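Let's walk through this fold together, beginning with a pair of helices and then turning to the sheet. Keep the viewer open as you read.

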Amino acid sequence: MTHGPDPLLSIVLDVNGAPHTVTVGRSATLLQVLRNDLGLNGPKYGCGLGQCGACTVHVDGLAARACVIPAAKVQGRCITTLEGLGDRARPHPVQSAFIQAQAAQCGYCVNGMVMTVAALLAREPRPSAPAVRDALSGNLCRCGTHLEILAAVERATLALAAAAPAAAP
């Protein structure tokens, strides 16, 4: 049985707060669109199976694996990539913490680590050490910077707590 060419679709994606209209094949993944059509290189291609975390983005604030998400399925949802978290002038506290803790060696896993930690801290501002390890358990780092990554999470937690408004009595 042979299959014809992948039918093309015109879709609008909300990426980093801006609408982007792209024409893609029905089988195109979100990762392919982000990297190839929008030129966003924060999310990396790692395994292509959603198991390594290198391609992690936020979809409606939740960490998601862009390599296994059909691009057409995320129309109308808010997609944030590493580039949308912060920039060189105003990095996100998690990005700053990773820099300060020197939590990157080769840099391949950093996108997934940062995006996963940012999503975790957004929903759980003071996670326990086991919660952090659990959240990061699906993100692979081959260089062995795990201790620096955990130190970065602690730095980011403290920075975000210091920036949060004090609770009313």
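In this predicted model, helix α4 (residues 110-123) packs against helix α5 (residues 129-136) at an angle of about 135°, and their axes are 10 Å apart. Angles from 65 to 115 degrees would count as roughly perpendicular and those over 145 as roughly antiparallel, so α4 and α5 are oblique to each other. Their crossing is right-handed. If you would like to see who meets whom, select Met 113, Thr 116, Val 117 and Leu 120 on the α4 side, and Ala 131, Val 132, Ala 135 and Leu 136 on the α5 side. Sorted by class, the residues of this contact are seven nonpolar and one polar, with no charged residue.

A second helix pair is worth a look. Helix α3 (residues 93-100) and helix α6 (residues 146-163) cross at roughly 135°, and their axes come within 8 Å. By the reasoning used above, α3 and α6 are therefore oblique to each other. This crossing is right-handed. From α3, the contact draws on Pro 93, Val 94, Ala 97, Phe 98 and Gln 100, while α6 supplies Ile 149, Ala 152, Arg 155, Ala 156, Ala 159 and Leu 160. Nine of these residues are nonpolar, one is polar and one is charged.

Now for the sheet. It is open and has five strands in the order β2-β1-β5-β3-β4, with mixed pairing. Strands β2 and β4 (62-65) sit at the edges, each pairing on one side only. On average, and with direction ignored, neighbouring strands are turned by 45° against each other.

Within that order, start with β1 (residues 8-15) and β2 (residues 18-25), which are antiparallel and share eight bridges. One place to check this is Leu 13, whose bridge partner in β2 is His 20. The hairpin of β1 and β2 has two residues between the strands, and here Asn 16 adopts a positive phi near 55°. Further along, β3 (residues 56-59) and β5 (residues 78-80) also run antiparallel, joined by two bridges. His 58 stands opposite Thr 80 in β5.

Finally, bring helices and sheet together. Helix α4, which we met at the start, packs on the sheet, where it touches β3, β4 and β5, and its direction makes about 30° with that of β3. Helix α1 (residues 30-37) lies across β1, β2, β3 and β5, and runs at about 110° to β2. Helix α4 thus appears in two settings: it packs with α5, and it packs on the sheet.

Note on methods: Residues are numbered from 1 along each chain as its sequence is written. This is a predicted model: local features need pLDDT of at least 70, side-chain atom pairs count only at pLDDT 80 or more; totals for chains, interfaces and linings use all residues. Side-chain values use heavy atoms; hydrogens and water are left out. Axes are lines fitted to C-alpha atoms, for helices over the stretch in contact, and angles run from 0 to 180 degrees between N-to-C directions. Helices (H or I, at least four residues) and strands (E, at least two) are DSSP runs, numbered from the N terminus. Angles under 35 degrees count as roughly parallel, over 145 as roughly antiparallel, 65 to 115 as roughly perpendicular and the rest as oblique. A crossing is left-handed if the near helix is turned anticlockwise from the far one by less than a right angle, and right-handed if clockwise. Contact means heavy atoms within 4.5 Å. Ala, Val, Leu, Ile, Met, Phe, Trp, Tyr, Cys and Pro count as nonpolar, Asp, Glu, Lys and Arg as charged, and the others, Gly among them, as polar. Two strands pair if DSSP finds at least two bridges between them.
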